[in-house]
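Work through the exercises below with the model open. Try each task before reading its solution.

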Amino acid sequence: MLTDTISISRLVTPSELGEGKRQKLDHEENEENEEDFSMYENSSKPCIRLKKDGTFYKNKARLLLEDQIAEYSERSDKLSAFDAIPPPPNSDLLGGVAPHPITDALRPHLKYLCELALEHFNNDKGTNLVFVDFVKSTRRVAAGYVYYTTFQARDATESDSAIQTLQAEVWDRRPKALGPVVEMCRIKLT
């Protein structure tokens, strides 16, 4: 009885199955490797399959997605992290910089990061700028998030001072106990 249990738990070779079973397995294998991918052609979901000859079948949605990714890559390569554009939908592009909406929930924390950046800027430049409002924000994942925020500030010592646009790169590290690090804060380049 123990030998039956052992034979079931190990891999069975085709010669142990018998002729009828081998034919069924060969038939099942042929069904899996058929080259008829027409069922995927008009699907809205991108599909890619490996063909027997080692090349790939790509449906229309996949080809469209690859075109969108190529266009995105070409456009985004020319932009700074502060001007990042969103990747194409369903592209699953990870690790890059993407626009980040400034929601009501995020606004206080992002303002804190901008004020921290302004503190560094003011200390370095001998100015007294204060935060006014957000212009836009992007971010990337990096043991927390690195925020690239474009915002407005003005001189606190002059009531009619002109509003200036600044850009700050602040790494909001994880765990939170490490605290944020201001990588850079500057007047926005024109």
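**Exercise 1. Find the bridge partner of P99 in β4.**

Solution. The partner of P99 in β4 is T138. Step back to the strands: β3 and β4 run antiparallel and are joined by two bridges. Two strands count as paired if DSSP finds at least two bridges between them. Strands here are DSSP runs (E, at least two residues) and helices are H or I runs of at least four, numbered from the N terminus.

This is a predicted model, in which local features need pLDDT of at least 70 and side-chain atom pairs count only at pLDDT 80 or more, while totals for chains, interfaces and linings use all residues. Residues are numbered from 1 along each chain as its sequence is written, and side-chain values use heavy atoms, with hydrogens and water left out.

**Exercise 2. Establish the strand order of the open sheet, then identify its edge strands.**

Solution. Start with the pairs.
- β4 and β5 share eleven bridges in the antiparallel sense; K136 faces T150 in β5.
- β5 and β6 are antiparallel too, with ten bridges; G144 faces R173 in β6.

Now assemble. The five strands run in the order β3-β4-β5-β6-β7, with antiparallel pairing. β3 (98–99) and β7 are the edges, each pairing on one side only.

**Exercise 3. Examine the backbone at A143 and at P175.**

Solution. Take A143 first. A143 sits in the loop between β4 (129–141) and β5 (144–155). The hairpin of these strands has two residues between them. Phi of A143 is near 45 degrees, a positive value in a residue other than glycine. Its relative accessibility is 49%, so A143 counts as partly exposed (buried is under 20% relative accessible area, exposed over 50%, partly exposed in between; 1.4 Å probe, protein chains only).

Next, P175. P175 lies in the loop between β6 (164–173) and β7 (181–187). The peptide bond from R174 to P175 is cis, with omega near 0 degrees.

**Exercise 4. Place helix α6 against the sheet and describe the largest nonpolar core.**

Solution. Helix α6 (residues 107–125) lies across β4, β5, β6 and β7, at about 110 degrees to β4. Axes are lines fitted to C-alpha atoms, for helices over the stretch in contact, and angles run from 0 to 180 degrees between N-to-C directions.

The largest core has 19 residues; L118, F151, L166 and C185 touch the most other members. A nonpolar core is a set of buried Ala, Val, Leu, Ile, Met, Phe, Trp, Tyr and Cys residues joined through side-chain atoms within 4.5 Å. α6, β4, β5, β6 and β7 each supply at least two residues of this core, and α6 gives the most, with seven.

Follow L118. Beyond neighbours within four places in sequence, L118 contacts L129, V130, F131, F151, A153, L166 and C185 (contact: heavy atoms within 4.5 Å). Apart from this core lies another, of five residues, among them F82, V97, V146 and Y148.

**Exercise 5. Why does C185 form no disulfide with C114?**

Solution. The closest cysteine sulfur to that of C185 is in C114, 8.0 Å away, which is too far for a bond. A disulfide requires a pair of cysteine sulfur atoms within 2.5 Å. The search of the whole structure finds zero disulfides. C185 is buried, at 15% relative accessibility. C47 is buried as well, at 7%.

**Exercise 6. Where is confidence lowest, and where highest?**

Solution. Helix α1 (residues 2–9) is lowest, at a mean of 38; α6 is highest, at 96. The score is pLDDT, the predictor's confidence in each residue, from 0 to 100. Residues 1–12 fall below 50, and this stretch has four contacts beyond near neighbours in sequence.
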